[in-house]
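Trainee: I have just opened this one and I'm not sure where to begin. Could you walk me through it?

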Amino acid sequence: MSQPIIDVQKLTATYGPVTALNGVNLTVNKGEIFGLLGPNGAGKSTLLACVEGLHNPKNGSVHVNGVDVQADSASTKSQLGIQLQKTALLDDLTVAELVEVYAALYEVYLNSEQIDALLTRFDLLEKRNTLSRRLSGGQQQRLALAVAIANDPQIVLLDEPTSALDPHARRAVWDMIRELHNEGRTIVLTTHAMEEAEALCGRIAIIDRGQVVSCDTPAALISSLKLNAMLKATVELPLEQVRTLPDVNNARYTGQHLEVETARPEVTLTALHELAARSGRSISDVMLRQPNLEDVFLKLTGHALAESNPSA
Amino acid sequence: MKRFLILTKAMTLMQLRNGYVLFWNFAFPVLLMVIYGAVMSQYMDYMTPGVIVLNALSFGLVSSSTMMLEMREKSVLRRLQATPLPARQLIGSYLLVNVIIGVLQSTLIILAGVLLYDVPVTGTSLLLSYPMILAGLLAFMALGGIISGMTAKAGAATAVGMTIYFLLMFISDMVFPLDMLPEWLRNVVAYLPAYPVVQLVRSALLEATLDPKWLTHLFLLAVYGFGATFIAAKLFRWEPKA
């Protein structure tokens with residue numbers, strides 16, 4: 001077992017009368033990409049804010065590298081690289097100036113070669129003398145990442161690093177996050193996009209209504225709940241016969257499409273073909289959807305990931 | 001120290017690249033002198049210190065807080081709060097840049113007075129005037145700090161600041177002589193923050209002497225300055241009001 005680099009214990013945080021986090025326990029291990037997955041308003045950003053020393057919890061503790069954030073936030077802040085949800089950086093500065101200033105705020109002083117090397121990495125060298133507010137959304141997000149690691153932190157906290165990006169820009173940011181991870185940095189990111197959590201994270205904490213509902217690797221989360229795969233096909237067969245096929249847990253029609261929930265899709269599919277052949281029907285448009293984190297989330301919380309937390 | 005210098009340089013660049021800041025802080029005060037000169041050229045000796053103080057007042061109450069308020073609204077302050085930068089360094093750097101801008105504005109107004117209207121200014125009068133201008137600027141900026149701490153948005157802060165500015169401008173012996181006011185108001189005005197600055201700057205700039213009541217004026221200004229700084233520090237917020 002690797003040592004926890006972030007240790008959150010019994011964390012409760014409130015904004016006035018609203019409880020944003022309620023008794024959260026969480027450990028992040030050194031060198032992993034850890035995802036906080038949950039809908040808007042679940043408490044993900046508040047959790048990060050407590051680690052970042054931006055929000056004082058009502059109860060509980062957060063330790064970064066063994067240091068209590070509340071007792072010595074200056075020391076813990078200096079170990080973190082941070083990208084907030086709103087990437088508001090100092091206006092009216094050029095890309096290169098911004099990187100220089102933010103590194104300096106951590107008392108890290110970069111020369112222009114070092115700044116250029118950092119900008120090259122994030123594909124921003126051509127924009128080095130452009131004012132940051134003139135950058136595109138994707139460029140600003142990459143700049144936010146460059147600024148986040150300007151102080152060469154071992155722990156990088158990214159709040160919704162790809163929200164509002166088009167798929168191409170999103171993948172570019174994913175690659176950059178993987179690269180940071182390959183350098184041995186620990187990454188904690190929040191997302192409400194299931195595919196992002198699956199694509200990037202070694203472990204995921206599912207957060208809903210201020211609580212960690214479950215925490216494990218994506219594969220373990222999916223397999224532990226013994227969720228059904230969904231088999232879809234265009235075929236006309238009596239539902240009662242389909243439901244008697246091996247490993248089928250449920251079946252229904254949506255329009256022309258037969259939807260079959262099954263624990264073992266390969267077995268069910270073979271049986272379905274046999275049934276269709278016996279009945280003289282043809283099967284077309286067969287699709288298989290394996291259970292994913294979206295299903296895990298739905299099963300654990302009773303509502304879909306896309307729904308916002310009503311109490312937020 | 002290096003961190004402070006890099007941050008201060010960045011803040012200076014941000015101010016200089018903002019056309020709005022450049023116009024209101026540097027072009028407008030000179031324009032004001034030209035307008036006043038066109039209307040009452042024979043009173044420009046009396047007016048120049050008044051314009052210096054009314055400009056310092058609007059700068060302190062309103063303009064000097066604008067960038068800080070915008071940074072707060074756009075979550076820039078929150079991002080800065082996430083760094084190990086101590087708050088006192090951020091505010092110190094911000095104040096330094098603003099004091100420099102405020103002093104530059106006064107210099108432009110004095111230059112306009114001397115070059116356009118032959119306002120009699122000597123080396124001694126300048127030497128005496130700048131500390132008085134600086135004292136006024138600091139007190140006004142601290143009062144502006146209270147306004148930005150109490151208001152939720154930059155727009156509201158500007159409205160409150162401008163209202164106080166206009167009130168003080170008309171009654172503090174800046175553009176209208178004090179004897180135009182009823183007696184009860186004259187007694188009140190003497191205890192308001194702008195009046196002592198006008199008296200201090202006017203006698204320093206035009207007569208190269210200290211106002212007879214300079215100690216009282218400076219004391220009053222110190223009460224305003226330190227009191228307002230204390231309250232502004234208590235009210236300082238990294239985030240906009242919820």
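Mentor: Keep in mind throughout that this is a predicted model. A good place to start is the largest nonpolar core, which has 141 residues, and in which A:Leu98, A:Val99, A:Ala146, A:Val147, B:Val53 and B:Val201 touch the most other members.

Trainee: Which helix gives that core its largest share?

Mentor: Helix α3 of chain B, residues 44–73, provides the largest share of this core, with 14 residues. From chain A, at least three residues come from domain 1 and at least three from domain 2.

Trainee: And what is A:Leu98 in contact with?

Mentor: If we set aside its neighbours within four places in sequence, A:Leu98 is in contact with A:Leu89, A:Leu90, A:Leu93, A:Ser132, A:Leu143 and A:Val147. Apart from the core we began with lies another one, made of nine residues, including A:Leu231, A:Val248, A:Ala251 and A:Val260.

Trainee: OK, changing topic: how many residues are in contact between chain A and chain B?

Mentor: On the chain A side there are 22 residues, and they are in contact with 19 residues of chain B. Helices α2 (73–77) and α3 (95–105) of chain A each supply at least two residues of the side that touches chain B, and α3(A) gives the most, with five residues.

Trainee: What kinds of residues make up that side of chain A?

Mentor: The side of chain A that touches chain B divides into 13 nonpolar residues, one polar and eight charged.

Trainee: You mentioned domains. Where do they run in chain A?

Mentor: The domain assignment of chain A gives domain 1 as 1–79 + 154–227 + 291–312, domain 2 as 90–147 and domain 3 as 228–290. Taken over C-alpha atoms, the centres of domain 1 and domain 2 of chain A are separated by 26 Å, and the contact takes eight residues from domain 1 and seven residues from domain 2. On the domain 1 side of that contact, seven residues are nonpolar, one is polar and none is charged.

Trainee: And chain A as a whole, what's in it?

Mentor: Chain A has eleven helices and 14 strands, and its C-alpha trace spans about 75 × 45 × 35 Å along its principal axes. Of its 312 residues, 43% count as buried. Among the contacts in chain A between residues at least 6 apart in sequence, 66% join residues at least 24 apart.

Trainee: Could you show me how two of the strands go together?

Mentor: Take β1 (residues 4–15) and β2 (residues 18–29) of chain A, which pair in the antiparallel sense over eight bridges. One of the details to look at is A:Ala13, whose bridge partner in β2(A) is A:Leu21. The hairpin of these strands has two residues between them, and in it A:Gly16 takes a positive phi near 60°.

Trainee: Back to chain B. Is α9 mostly covered or mostly open?

Mentor: Helix α9(B) is mostly covered, since twelve of its 14 residues are buried. Among the buried ones are B:Tyr195, B:Val198, B:Leu200, B:Val201 and B:Arg202. What covers the buried residues of α9(B) includes α3, α6 (123–150), α7 (154–171), α8 (183–189) and α10 (214–235) of chain B.

Trainee: What span should that helix have, and what comes right after it?

Mentor: At 1.5 Å a residue, the 14 residues of α9(B), 194–207, should span 20 Å, and the C-alpha atoms at its ends are 20 Å apart, so the two agree. Just after α9(B), B:Ala208 takes a positive phi of about 55°.

Trainee: How about α5 of that chain?

Mentor: Helix α5 of chain B, residues 87–117, has 31 residues and reaches 44 Å from its first C-alpha to its last, close to the 45 Å expected. Just after α5(B), B:Asp118 takes a positive phi of about 50°.

Trainee: One last pair: are B:Pro177 and A:Asp295 buried or exposed?

Mentor: B:Pro177, in the loop between α7 and α8 of chain B, is exposed, because only 11 other C-beta atoms lie within 10 Å and the cut-off for exposed is 12 or fewer. A:Asp295, in helix α11 (residues 293–301) of chain A, counts as buried, because it has 21 C-beta neighbours inside 10 Å and the cut-off for buried is 20 or more.

Notes
Residues are numbered from 1 along each chain as its sequence is written. Chains are lettered from A and ligands numbered from 1 in the order in which they are written. This is a predicted model: local features need pLDDT of at least 70, side-chain atom pairs count only at pLDDT 80 or more; totals for chains, interfaces and linings use all residues. A nonpolar core is a set of buried Ala, Val, Leu, Ile, Met, Phe, Trp, Tyr and Cys residues joined through C-beta atoms within 7 Å. Helices (H or I, at least four residues) and strands (E, at least two) are DSSP runs, numbered from the N terminus. Domain bounds come from an automatic or database domain assignment. Two residues are in contact if their C-beta atoms, placed from the backbone, lie within 7 Å. Ala, Val, Leu, Ile, Met, Phe, Trp, Tyr, Cys and Pro count as nonpolar, Asp, Glu, Lys and Arg as charged, and the others, Gly among them, as polar. The expected span of a helix is 1.5 Å times one less than its number of residues. Two strands pair if DSSP finds at least two bridges between them.
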